[in-house]
Amino acid sequence: MSDKSVKGIDRRDLLMASIATVGAAAALAANAGAANAEDSATSSSAPAAGAPSATIYVGDVIQGKKVVSTLDVNDLEPGKKHLLYFQGVEMPTGQHWYVSVTVAKGAKPGKRGVLVSGVHGDEMSSVHTIQTVMSQLDPAQMSGTVMAVTDVSRPAMEGMQRRWPNFGRGTDLIDMNREWPGNENGVTAASRQAGLLFNRLLRPNADFAIDFHTGTTGFDVAAFNIGGMDVPEIKAMLELYPVGQIFDNHVYPSVLHNAFIDAGIPSFCPEIGAARVLDLEMISLFVEGTMNVLKHHGIVAGPMGRTGKDVDVFVGNSAFPILATAGGLVEHLVKLNDKVEAGQKVSIQRDSFGEVVAEYASGVAGEISGLRSDAMSEPGNPLAFILFNKPGPEDVGGYPE
Ligand SMILES: [Zn+2]
C-alpha cells in the first residue's frame with residue numbers, strides 16, 4: 001500500500017471521526033435539559049446504549065397530538081389509547097419528519113408488542129393491517145401494551161414510493177430496510193431516522209415486534225411471513241397466521257426485524273400482497289393472525305382465530321428467483337400460490353413484433369410467491385420468485401419484499 005493511499009484513508013477516518021464527534025456533541029446538548037441526563041457520559045460515546053429511557057415531551061403539539069423525542073410506554077396512563085407524534089430526523093428546512101405513534105396501554109400490566117409499517121413508502125396494506133388491529137383493541141380489557149408506528153419512512157410515504165429521498169448529493173433514494181439499527185450520528189438522514197426510532201421508540205418498548213411489508217411497486221407477492229422457524233418464540237408466532245406460505249429464512253442483516261432479533265427481541269416480517277393498494281381480503285388474514293399473536297402473549301383475551309393449521313401452509317427455506325434475460329412484454333403462465341415443478345414454464349416474453357424472445361422455467365419444485373406485475377421488463381428485472389426447500393445449509397438470499 002502506498003503512502004498516498006494510507007494518507008487518504010487517514011483523512012477519511014479523521015473526517016468520519018469529526019462527524020461522529022460533532023453529532024455526539026449536538027446530541028449531548030439537546031439532551032442536557034432532560035430529566036434523566038445523569039447517563040450523559042454513556043450517551044456521548046454510545047448513543048444507542050445511552051439513549052434516554054424516560055419519556056421526553058418536546059413541548060410541541062401538532063394537530064392535537066403531543067410530540068415526544070423519546071417514549072417509554074410505562075409512563076403512559078393505563079386503560080387508554082394514546083396518539084402521539086415521535087420527533088424524527090430534521091428535513092433540509094430544519095423542521096422534523098414526525099412519525100405517528102398509537103399506544104393501546106392496557107389497564108393491567110403485561111407484555112409489550114410493537115407493530116411497524118411504512119419502512120417502505122409504497123406498502124399501504126401493511127398500514128391498514130395495523131390500523132385495523134389497533135381499532136379492535138380495548139385498553140380497558142388488555143393486559144399489556146401494543147404500540148403501532150405506521151409511517152416510519154415519512155418522505156417515502158409522502159410520494160408513495162419504496163425508498164427515502166435523501167438530499168446529500170442531489171437526490172439519492174435510500175432503501176430504509178437496509179439501514180437498521182440505524183445510527184443517530186450517521187451520514188444520511190435515513191440512517192439517523194432509523195437510529196432515533198430504534199433507540200428511542202421501537203427497541204425500548206418491545207418484548208416482541210412485527211414489521212409489516214407488502215410486495216414492491218411493479219412486483220406482487222402472495223400472503224406470507226418471513227421469519228426464522230429455528231427460533232421457538234418466532235416459530236410460535238409465525239404459525240398463528242392463516243396465510244398460505246412461510247419463508248423460513250433469516251434473510252440478511254440490516255432489515256428491521258433482524259435488528260430487533262439482534263437486540264434479543266423476537267420479530268418477523270409479514271408480506272401482504274401488492275404494493276400501492278389495499279387488499280382488504282388479504283389484510284383480514286393478517287389482522288386475524290396478529291390478534292392471535294396478541295392472545296398468545298396474553299395481551300388480549302379470547303379464543304384463537306384461524307391459524308396456519310387451518311390453511312394448507314407451505315413452508316420453504318429458499319426463494320428461487322427468475323430474472324429477465326431480454327427486454328419486452330412479460331406474460332405469466334402461473335398465478336401466485338400455484339405449485340410448480342422443476343422445469344415447468346412460468347413466464348414468456350415478447351418483443352415489440354410480438355415474437356417470443358424468451359421463455360422462463362422454474363429451476364425447482366415449489367410454490368409461486370412473487371410475480372412481476374409491471375408488464376414491461378428489461379434484462380435483469382425479477383420476473384418471479386418460487387418458494388422451495390433447499391436441502392442442506394440455507395443461503396442468505398434475496399426475497400421479493
Ligand atoms: Zn417492504
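User: In what order do the eleven strands of the open sheet run?

Analyst: This is a predicted model, and its eleven-stranded sheet is open, with mixed pairing. Neighbouring strands in it are turned by 25 degrees against each other on average, direction ignored. Reading across, the order is E1-E2-E3-E4-E6-E5-E9-E13-E11-E12-E14.

User: Which strands stand at the edges of that sheet, and why is one side of each left without a neighbour?

Analyst: An edge strand here has a single partner strand, so one of its sides has no neighbour in the sheet. The two in that position are E1 (56-62) and E14 (314-316).

User: Which residue in E3 is the bridge partner of Lys66?

Analyst: Strand E2 covers residues 65-70 and strand E3 covers 80-90. They pair in the parallel sense over three bridges. Across from Lys66, the bridge partner in E3 is Leu84.

User: At about what angle does helix H6 run to E3?

Analyst: H6 spans residues 189-202 and lies across E2, E3, E4, E5 and E6. Helix H4 (residues 124-135) also lies across E3, along with E4, E5, E6 and E13, and runs at about 160 degrees to E5. For H6 against E3, the angle is about 145 degrees.

User: Which strands are the edge strands of the four-stranded sheet?

Analyst: That open sheet is antiparallel, in the order E19-E18-E16-E21. Each edge strand pairs on one side only. They are E19 (356-361) and E21 (376-377).

User: And what stands opposite Glu331 in E18?

Analyst: E16 (residues 328-332) and E18 (residues 345-350) pair in the antiparallel sense over four bridges. Opposite Glu331, you'll find Ile348.

Terms used:
Residues are numbered from 1 along each chain as its sequence is written. This is a predicted model: local features need pLDDT of at least 70, side-chain atom pairs count only at pLDDT 80 or more; totals for chains, interfaces and linings use all residues. Side-chain values use heavy atoms; hydrogens and water are left out. Two strands pair if DSSP finds at least two bridges between them. Axes are lines fitted to C-alpha atoms, for helices over the stretch in contact, and angles run from 0 to 180 degrees between N-to-C directions. Contact means heavy atoms within 4.5 Å.
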